[in-house]
Amino acid sequence: MSGSQNNIAGTVAVVGGGVVGCFVAYRLAAMGVSVTLLEQEGPGSGSTGDSAGNIQPASGDDDAYKIALGAESLALWRRRFPQIKEIGGVDFGEQDVRHLYAATNDDEEREVRRILGDMTAAGLRAEWVDGATALEIELHLSGSITGGMLHHDCIQMDLRLFMVALSNAAEAEGVVIQRGTQAVGLDVTGGRIKSIALGDGSSLECSSVVLAIGAWTARAVSDWLGFDLPVEPYGLQKLHLSLGTAAPLNCAVRWNGVNIVSRKDGLVHAGSRFDSAGFDSQPSAEAQEWLLGGVAAIIPGFQPSGIETIAACAASTPGRIPLAGPLPGIEGIYLAVSSTDGFLMAAVLAEMTAELLVNGEMHQLMDLSPLAQAKTA
Ligand SMILES: Cc1cc2nc3c(=O)[nH]c(=O)nc-3n(C[C@H](O)[C@H](O)[C@H](O)COP(=O)(O)OP(=O)(O)OC[C@H]3O[C@@H](n4cnc5c(N)ncnc54)[C@H](O)[C@@H]3O)c2cc1C
């Protein structure tokens, strides 16, 4: 364990072994806390395993506050990479990518320039380029591009390898990971958490619990504690495009809601398309056609050799703002729930949760007091 001693008595339980739960557990343990992580399958088996692995502030119609939070998280990712790589012992192929947010008309330009203003205000590196410059950067692009924002502060990685490194690093710091262990209830006595009921009939005593169960949050917290939380399971479909003999892309491209990013090994992700089926999302011809149409319209010169459609589910929260902090009315229960860009937000969620538990420092995001009204039982 690399962290110093702290005043937390007993074990902190983290429920959920996605990127958020593993990152929270890793940071708590690195700060000297005794941590047990409960994961019903294996690390990365939820939404994380289907993520494109982009750490990309401003990947949707985010406002200035959300973009600034993304910038904060990106800086923490950069700070934590070397140690996770070294302790985790796995190269997960992270790379800086240039990301062109393309515009083809006045309305699109206005929106991209608004994002550019919010990004530079947040200290992120981005600049406006005209259409001719965009075409010089990426030869395959459509001539209809009138200009765009070149975003230099994006990182891409192989998320499955990253999850191996992160869970290795967490275990090396002392986290006990209980794989295949499902939490089925919480025992709250005298207004504070006492233990977690497990699927095999046993229980785990803990001094605090951090719920990092992504899209499962609303159902679990309603069943266990009677809260009605604004977290929805949000179905998403994306494409994996193989390069074959096609030339690799010189930069990532975002246009009309489609994000097209090359991984270091050449695989291109194009996503995502909303799917109202949520947890039951299945690959569909309609989603594939919509995504391929977006790719063909903005990068007509890119001809992938193979196409695979992936359907998955992530949590969605209002304004894509994470829900994090102490659950009102019960001592010792914390939420760490991201929205549809939870890979980006994992580092800041982990840091703010660890700082709160260990040092009592409350990040400004962490005010969950309005949720007191959401108690239904
Ligand atoms: C197609 C797609 C592409 C995406 N691309 C990106 C991207 O490029 N960048 C980005 O930032 N975000 C992306 N996202 C979103 C991102 O994947 C998620 O926001 C993020 O992975 C959420 O992490 P998490 O740890 O909160 O949740 P999850 O990864 O879903 O982890 C929750 C874990 O909790 C476990 N669990 C649930 N209930 C219990 C229980 N009762 N007991 C024990 N364990 C339990 C589950 O098994 C699961 O492993 C994408 C999502 C999708 C679907």
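In this predicted model, the largest nonpolar core holds 116 residues, and V24, A25, Y26 and A336 touch the most other members. Helix α8 gives this core its largest share, twelve residues. Domain 1 and domain 2 each contribute at least three residues to this core. As a general rule, nonpolar side chains in soluble globular proteins tend to be buried together.

V24 shows what surrounds one of these core residues. Beyond its neighbours within four places in sequence, V24 is in contact with V14, V210, A212, A336, L349, A350, T353 and A354.

**Helix α1**

V24, A25 and Y26 are among the buried residues of α1. How many residues of α1 are buried? Twelve of its twelve residues are buried, and the helix is mostly covered. Besides the three already named, the buried residues include V19, V20, G21, C22, F23, R27, L28, A29 and A30. The cover over the buried residues of α1 includes the strands β1 (12–15), β2, β11 (208–211) and β18 (333–337), together with α5 (159–172) and α8.

The length of α1 agrees with what is expected of it, because twelve residues at 1.5 Å a residue should span 16 Å and the end C-alpha atoms are 16 Å apart. After α1 comes G32, which has a positive phi near 95°.

**Two domains**

The domain assignment divides the chain into domain 1 (12–50 + 161–230 + 319–374) and domain 2 (96–153 + 232–316). The centres of domain 1 and domain 2, taken over C-alpha atoms, are separated by 31 Å. Where the domains meet, ten residues of domain 1 are in contact with ten residues of domain 2. On the side of domain 1 that touches domain 2, two residues are nonpolar, seven are polar and one is charged.

**The ligand**

Which residues come nearest to the ligand? Of the 41 residues around the ligand, these are G16, G18, G46, G214 and G342. By class, the shell around the ligand consists of 17 nonpolar, 19 polar and five charged residues. Domain 1 and domain 2 each supply at least three residues of this shell.

Among the elements, α1 (19–30), β2 (35–39), β12 (232–242), β15 (268–275), β16 (306–316) and α8 (342–359) each provide at least two residues of the shell around the ligand. Helix α8 thus appears both in the shell around the ligand and in the cover over the buried residues of α1.

**Backbone details**

Strand β15 contains S272, and the peptide bond from G271 to S272 is cis, with omega near -5°.

A58 and N256 are residues other than glycine with a positive phi: near 70° for A58 and near 50° for N256. A58 lies in the loop between β3 (54–55) and α2 (64–88), while N256 lies in the loop between β13 (252–255) and β14 (258–262). Is A58 buried or exposed? A58 is buried, because it has 28 C-beta neighbours inside 10 Å and 20 are enough to count as buried. N256 has 12 C-beta neighbours inside 10 Å, so it counts as exposed.

**Two further buried residues**

H99 is in strand β4 (residues 95–103). H99 counts as buried because 25 C-beta neighbours lie inside 10 Å. Leaving out residues up to four places away in sequence, H99 touches Q56, H151, C154, C251, A252 and R254.

T317 sits in the loop between β16 and β17 (323–326). T317 has 20 other C-beta atoms within 10 Å and is therefore buried. Apart from its neighbours within four places in sequence, T317 is in contact with P230, V231, P322, L323, V337 and S339.

Each of these residues can be set against a partner far along the chain, as the table shows.

| Pair | Residues apart along the chain | Separation of C-alpha atoms |
|---|---|---|
| H99 and H363 | 264 residues | 29 Å |
| T317 and V33 | 284 residues | 29 Å |

Methods. Residues numbered from 1 in each chain as written. Predicted model: local features only at pLDDT ≥ 70, side-chain atom pairs only at ≥ 80, totals over all residues. Near = placed C-beta within 6 Å. Helix = DSSP H or I, 4+ residues; strand = E, 2+ residues; numbered from the N terminus. Nonpolar A, V, L, I, M, F, W, Y, C, P; charged D, E, K, R; others polar. Domains from an automatic or database assignment. Expected span 1.5 Å × (residues − 1). Contact = placed C-beta atoms within 7 Å. Core = buried A, V, L, I, M, F, W, Y, C linked by C-beta atoms within 7 Å.
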